Amino acid sequence: MKLLNWQNVRKRWKKLALISLPIGYGLYALKRNYEISKYMRAVCNDVKDKDSGGSSKNVLVILNPMADKGKSEKNFTKFCEPVLHLSGYTVDIKKTKHIGHAKTLVESLENIPDVIVVAGGDGTSSEVVTGLLRRGDTPCPIVLLPLGEKSKTALRYLDHTPNSKLETANRLVSSLQPLIEDKTQFCSVIKYDIIENEENQVNKPIYGLQKFSWGLLRDIEANKNKYWYFGNLRHHAAALFNAFSSKLEWNIAAKVVLTPPCPGCTNCKKPINQKPKISFASFYTTRQVTEKTENFINELCDVEESENIEMNQIDIFCNKNSESFFELKTDLVKSLTPGFNFIENISNVVHYAIEPATSLKSRTIKLYPSLTTANTYYIDGEEYEVRPIKISLIPNAIKLFC
């Protein structure tokens, strides 16, 4: 047999380089799988050694198998399901089949479980919360697993973002630790009610954990997957190729009706007839509240002020203010115009770092869109047809294991 010497290597370096690629990747994959297996064995042994109190709890898993480009079910089965079983929980898995299915699954449950584990992204989380709160009874606590391509709700309770498969496993196991250790905290939700135009029209509310988003920046973000061939730069590509576009709605118009922030008073539950007049500018800062008792009456609680606005982008989310109670914060962006000025701000557009022109603070906000404005807004990343809507804050509405 002819020996492989340096001269032969020089002659056949292209073939050797081509062969080395799959061999190198195979060795890397073996090393990665070994590290993951070693990590999961350590986790499972640690869970078995602990005296878990979860043996009497029924856990319902709402799994979106299409989340994260179809990888969510595999990751749940590999990293999460063994931990749940070894912790002593009785696990029931229900897979969603279409958009809105998680909502109807939870809403139609005969008996509410002890815990619901949400295995999906922000859309699945919003649907599960909506189904729970529509039932009208006391909701069970929830575990949010970051198994979706968009899992901002779950990730905000974790300290790191994964950069490898091993870190993904660690992140998912970390998401289950609060359940095993029985650590919960209350979480506020945002309620969305369609404002009915017809007397007989009945619309059930939607509940969200993230934010309401409407306008140019969100539309560009939603279009980024059309430019998938740019890889990690697809969001930049979406912004660049739409910098001069007339297809996007650069300005949205609506009538805004606000009630001021309130820490909770009798008027929050029962409105009064007399409403003192205040200026619209007073919503730009949080009001001072001096009393917080069960019989506390905030005379301004149900006062409504309105104004017509025209903006590029409207974002509404829950915010804890300096007085340690929650309120709705509405950021209004009005500095974007098509052309080279937009291209210069692409980095800020992609990272959602455009400075808002105005920030409004409120307990509730009603939006009456103009008939000529954009036809889609987003609740926790899910698309909805633009219609008049009332957005309300519900403090401490659900319990999360986090």
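## Report on the predicted fold

Among contacts in the protein with a separation of 6 or more, 76% are between residues 24 or more positions apart. The model described here is a predicted one. The protein has 402 residues, of which 47% are buried. Its secondary structure comprises 13 helices and 16 strands. The accessible surface amounts to about 22100 Å², and carbon and sulfur atoms hold 51% of that area.

### Nonpolar cores

The largest nonpolar core contains 27 residues, and the members that touch the most others are Val61, Phe76, Leu84, Val143, Leu145, Leu176 and Leu179. At least two residues of this core come from each of helix 2 (13–49), strand 1 (58–63), helix 4 (72–86), strand 3 (115–120), strand 4 (142–146) and helix 8 (165–180). Helix 8 is the greatest contributor, giving 6 residues. Apart from this core lies another, with 24 residues, including Ile190, Tyr192, Ile316 and Tyr377.

Two leucines illustrate the surroundings within the largest core. With neighbours within four places in sequence left aside, leucine 145 is in contact with Phe76, Cys80, Val117, Val118, Ala119, Gly120, Ala154, Leu172, Ser175 and Leu176. Leucine 179 is located in helix 8. Its relative accessibility is 1%, so leucine 179 counts as buried. With the neighbours within four places again left aside, the contacts of leucine 179 are Leu84, Tyr89, Val115, Val143 and Phe401. Leucine 179 and leucine 84 are 95 residues apart along the chain, yet their C-alpha atoms are separated by 9.3 Å.

### The open sheet and its crossing helix

An open sheet is built from 6 strands in the order 12-11-10-7-14-15, with antiparallel pairing. Strand 12 (358–362) and strand 15 (382–385) stand at its edges; each has a single partner strand, and therefore one side of each is left without a neighbour in the sheet. Direction ignored, neighbouring strands of this sheet are turned by 25° against each other on average. The pairing of such strands rests on a general principle: strands of a sheet pair through backbone hydrogen bonds, either parallel or antiparallel.

At one edge, strand 15 is joined by 4 bridges to strand 14 (residues 376–379), and the two run antiparallel. Within this part of the sheet, tyrosine 378 stands opposite glutamate 383 in strand 15. Helix 9 (residues 216–223) lies across strand 7 (211–215), strand 10 (313–320) and strand 14, and runs at about 95° to strand 7.

### Strand 8 and its partners

Strand 8 (residues 252–259) is mostly covered, since 6 of its 8 residues are buried. This strand pairs in the antiparallel sense with strand 9 (residues 305–311) over 7 bridges. Isoleucine 252 is placed opposite methionine 311 in strand 9. Strand 8 is also joined to strand 13 (residues 364–369), by 6 bridges, and these two strands run antiparallel. In that pairing, alanine 254 is placed opposite proline 369 in strand 13.

### Individual residues

The structure holds 0 disulfides. Cysteine 44 counts as buried because its relative accessibility is 14%, and cysteine 262 is buried as well, with a relative accessible area of 8%. The table sets these cysteines beside other residues for which a relative accessibility is given.

| Residue | Relative accessibility | Class |
|---|---|---|
| Cysteine 44 | 14% | buried |
| Cysteine 262 | 8% | buried |
| Leucine 179 | 1% | buried |
| Asparagine 396 | 45% | partly exposed |
| Threonine 138 | 68% | exposed |

Threonine 138 is found in the loop between helix 6 (122–135) and strand 4. At 68% relative accessibility it exceeds the cut-off of over 50% and so counts as exposed. The C-alpha atoms of threonine 138 and isoleucine 112 are separated by 9.3 Å, with these positions 26 residues apart along the chain as the sequence distance.

Backbone geometry singles out a further pair of residues. Most residues other than glycine have a negative phi. Aspartate 182, however, has a positive phi near 60°, and this residue lies in the loop between helix 8 and strand 5 (184–194). Asparagine 396, also not a glycine, has a positive phi of about 50°. Asparagine 396 belongs to strand 16 (residues 389–401). Its relative accessibility of 45% lies between the limits of 20% and 50%, so asparagine 396 counts as partly exposed.

Definitions and conventions. Residues numbered from 1 in each chain as written. Predicted model: local features only at pLDDT ≥ 70, side-chain atom pairs only at ≥ 80, totals over all residues. Heavy atoms only, no water. Core = buried A, V, L, I, M, F, W, Y, C linked by side-chain atoms within 4.5 Å. Buried < 20%, exposed > 50% of the residue type's maximum accessible area, 1.4 Å probe, protein only. Contact = heavy atoms within 4.5 Å. Pairing = 2+ DSSP bridges. Axes fitted to C-alpha atoms, helices over the stretch in contact; angles between N-to-C directions. Areas by Shrake-Rupley, 256 points an atom, 1.4 Å probe, with all protein chains shown as cover. Disulfide = S-S within 2.5 Å.
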